[in-house]
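Please look over the chain shown below. A short report on its fold, charges and exposure follows.

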Amino acid sequence: VQLGRQQLEEERREADAKLARAEQRLAEVRGDAEKKVLEAQAAADEASKDLQRRLTHSTAGLSSSLGELERRLAESERRKEEVEMELEKTRLEVDHALRAQAD
């Protein structure tokens with residue numbers, strides 16, 4: 001009976017030791033997993049910030065280009081009006097000259 005009890009005690013100690021090693025390994029794996037999750041989150045955050053910077057830069061570039069196009073359009077419209085007024089003035093001068101010649 002004593003020998004059986006000692007054997008059971010030895011088996012229990014071995015089982016406790018295995019359990020302790022398993023718990024230690026689980027803690028290490030959990031720590032590694034948590035570290036990798038944090039690293040992945042940090043990388044995702046950095047990628048998001050980079051994308052936001054690029055988007056902001058692109059938006060600013062597009063806005064600047066749009067402003068330049070609007071300025072050019074306004075200038076073209078102003079020039080068109082000047083040319084149309086000059087054309088009308090020339091037509092009136094030609095009409096006046098033809099009437100003067102006819103008289």
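Is Arg 53 buried, partly exposed or exposed? Arg 53 counts as partly exposed, because its relative accessibility is 46% and the partly exposed class runs between 20% and 50%. This is a predicted model, and the values below are computed from it.

## Overall fold

The secondary structure is brief to describe: one helix and zero strands. Helix 1 covers residues 2-102. The chain has 103 residues, and 0% of them count as buried.

The dimensions fit no compact globule. For 103 residues, such a globule would have a radius of gyration near 13 Å, but this chain has 44 Å. The C-alpha trace spans about 150 × 15 × 5 Å along its principal axes.

## Distances along the helix

Two residue pairs give a sense of scale. Asp 95 and Lys 49 are 46 residues apart along the chain, and their C-alpha atoms are separated by 68 Å. Arg 79 and Ala 17 are 62 residues apart in sequence, with 92 Å from C-alpha to C-alpha.

Asp 95 lies in helix 1. Its relative accessibility is 37%, so Asp 95 counts as partly exposed. Arg 79 also has its place in helix 1. At 47% relative accessibility, Arg 79 is likewise partly exposed.

## Surface and charge

The accessible surface of the chain comes to about 9,700 Å². Carbon and sulfur atoms account for 57% of that area.

Charged side chains come in both signs: 20 are positive and 25 are negative. The centres of the two sets lie 7 Å apart.

## Salt bridges

How many salt bridges does the chain hold? The count comes to 15. Three of them are described here, starting with Glu 46 and Arg 53. Their closest N and O atoms are 3.3 Å apart. This pair counts as a salt bridge because the distance falls within the 4 Å cut-off. Glu 46 has a relative accessible area of 42%, so it is partly exposed. Its partner Arg 53, at 46%, is partly exposed too.

Arg 25 forms a salt bridge with Glu 28, and the closest N and O atoms are 3.4 Å apart. Both residues lie in helix 1, three residues apart, which is about one turn of the helix. Arg 25 has a relative accessible area of 47% and is partly exposed. Glu 28 stands at 36% relative accessibility and also counts as partly exposed.

## A further pair and a network

What separates the closest N and O atoms of Arg 78 and Glu 75? The distance is 2.4 Å, and the two residues form a salt bridge. Arg 78 and Glu 75 both sit in helix 1, three residues apart, or about one turn of the helix. Arg 78 is partly exposed, with a relative accessible area of 39%. Glu 75 is partly exposed as well, at 36%.

Elsewhere, salt bridges share partners. They join Glu 9, Glu 10, Arg 12, Arg 13 and Asp 16 into one network.

## Summary

The predicted model shows one helix and zero strands. The chain has a radius of gyration of 44 Å, and 0% of its residues count as buried. Its charged side chains, 20 positive and 25 negative, come with a count of 15 salt bridges.

Key:
Residues numbered from 1 in each chain as written. Predicted model: local features only at pLDDT ≥ 70, side-chain atom pairs only at ≥ 80, totals over all residues. Heavy atoms only, no water. Helix = DSSP H or I, 4+ residues; strand = E, 2+ residues; numbered from the N terminus. Buried < 20%, exposed > 50% of the residue type's maximum accessible area, 1.4 Å probe, protein only. Salt bridge = Lys/Arg side-chain N within 4 Å of Asp/Glu carboxyl O. Rg over C-alpha atoms; globule rule 2.2 N^0.38 Å. Areas by Shrake-Rupley, 256 points an atom, 1.4 Å probe, with all protein chains shown as cover. Lys, Arg positive; Asp, Glu negative; His and termini not counted. Charge placed at Lys NZ, Arg CZ, Asp CG, Glu CD.
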